[in-house]
Amino acid sequence: MHALVSDLALPSGAPMYVMSALETSRELIRHSYYRYEFATVAVTHSLFALEHVLTERLATNEPLHGLIARAANAELIPAAVAAELDRGRLLREGLAQGSRSSAALSPLRALDLVRAVFDAVSLLLRPPSAAETTATHASGPRPAGGLVRLWEEHRRAPFPDDFRGVDLDGVDLVLLDSDTAGLVHRELNGGLDDSGVAGLWDCVTDLERIEPLINEEYCASYFTSLRTMARAVAARHTPAAT
């Protein structure tokens, strides 16, 4: 979980209220290992910071959906970030109306939505010209390839509920999932160092050991996909045969 949130850096120059709300959101994701619902709470809490910054930057006080739309139309934030922010807003409204539960999101999906808030706040706190330049960069193409597709699919897949807290052959499944996902995320955002590669191979070994022990179809599929993704990363760091 530490690895998953390692790149969520608090924006410099933010008001203390905003810094506090964002830091709390980041720590809620980190501690969702212990309490799954914290992931969803992290998203809703981060929106307090977003709403405060949008109101100040746009010098207007209106509902959050209007503020997000104004910021996107003014090109202060890229459209992709605005779309994620609006998904977070809809989640908050669903919770308030009772149509969504506090276990609605996995930690990985919550991380996406909270990262969008961090990105938006960072852009909104900069001078307009710098914000527009950064927004263009942020909305640019991401690395292509099968690994990115596997990562996108995995982070949207809910962890199998019946296997939360389950230990197979000495391997905690939630911890294995988090460790592997954190290492893949690091690979996609700068690359793994030697210790990260070693840790990834440990995860691959554990995944291959526990996979035959899983007797439930969805859970087996979930961890097979996780192993495929881990091996795809490991292959990047395997020297070519000579």
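1. Ser25 counts as buried, because its relative accessibility is 0% and the cut-off for buried is under 20%. The model is a predicted one. Ser25 belongs to helix α1. Leaving out residues up to four places away in sequence, Ser25 touches Ala42, His45, Ser46 and Val114.

2. Helix α1 covers residues 16-30. Its 15 residues, at 1.5 Å a residue, should span 21 Å, and the end C-alpha atoms are 21 Å apart, so the expected and modelled spans agree. The buried residues of α1 are Val18, Ala21, Leu22, Ser25, Arg26, Leu28, Ile29 and Arg30. Among the elements that cover them are α2 (38-58) and α5.

3. Helix α5, residues 107-124, also matters for the count of the largest nonpolar core: 12 residues of that core come from α5, the largest share. The core has 72 residues in total. Those with the most contacts inside it are Leu50, Leu54, Ile77, Leu85, Leu124, Ile210 and Phe223.

4. Phe223 deserves a separate look. How buried or exposed is Phe223? Its relative accessibility is 1%, so Phe223 counts as buried. Setting aside neighbours within four places in sequence, Phe223 is in contact with Phe159, Pro160, Leu173, Leu176, Asp177, Leu207, Ile210 and Ile214. Ile210, one of these contacts, is also listed with Phe223 among the residues with the most contacts inside the core.

5. There are 5 aromatic pairs in the model. One of them joins Phe159 and Phe223: the ring centres are 6.0 Å apart and the planes stand at 85°, so this pair is edge-to-face. The cut-off behind that label is an angle over 60 degrees. Phe159 sits in the loop between α7 (146-156) and β1 (167-168), whereas Phe223 is in helix α10 (residues 217-236), so the pair ties together parts 64 residues apart in sequence. Phe159 is buried too, with a relative accessible area of 7%.

6. Which kind of aromatic pair do Tyr218 and Tyr222 form? The pair is tilted, with 6.2 Å centre to centre and 45° between the planes. Tyr218 and Tyr222 are 4 residues apart in helix α10, so about one helical turn separates them. An α-helix has 3.6 residues a turn, so residues three or four places apart point the same way. The burial of the two tyrosines should be read separately: Tyr218 is partly exposed, at 34% relative accessibility, while Tyr222 is buried, at 4%. Ring pairs link Phe159, Tyr218, Tyr222 and Phe223 into a cluster.

7. Another ring to check is that of Tyr36. The charged end of Arg164 sits over this ring, 3.7 Å from the centre of the ring.

8. Two backbone angles should be noted. Ala59, in the loop between α2 and α3 (64-73), has a phi near 55°, which is positive although the residue is not glycine. Glu75, in the loop between α3 and α4 (79-97), has a phi near 60°, again a positive value in a residue other than glycine. Are Ala59 and Glu75 buried or exposed? Ala59 is exposed, with a relative accessible area of 70%, and Glu75 is exposed, with a relative accessible area of 55%.

Technical notes:
Residues numbered from 1 in each chain as written. Predicted model: local features only at pLDDT ≥ 70, side-chain atom pairs only at ≥ 80, totals over all residues. Heavy atoms only, no water. Phe/Tyr/Trp six-rings, centres within 6.5 Å; stacked < 30°, edge-to-face > 60°. Buried < 20%, exposed > 50% of the residue type's maximum accessible area, 1.4 Å probe, protein only. Lys NZ or Arg CZ within 6 Å of the ring centre and 35° of its normal. Core = buried A, V, L, I, M, F, W, Y, C linked by side-chain atoms within 4.5 Å. Contact = heavy atoms within 4.5 Å. Expected span 1.5 Å × (residues − 1).
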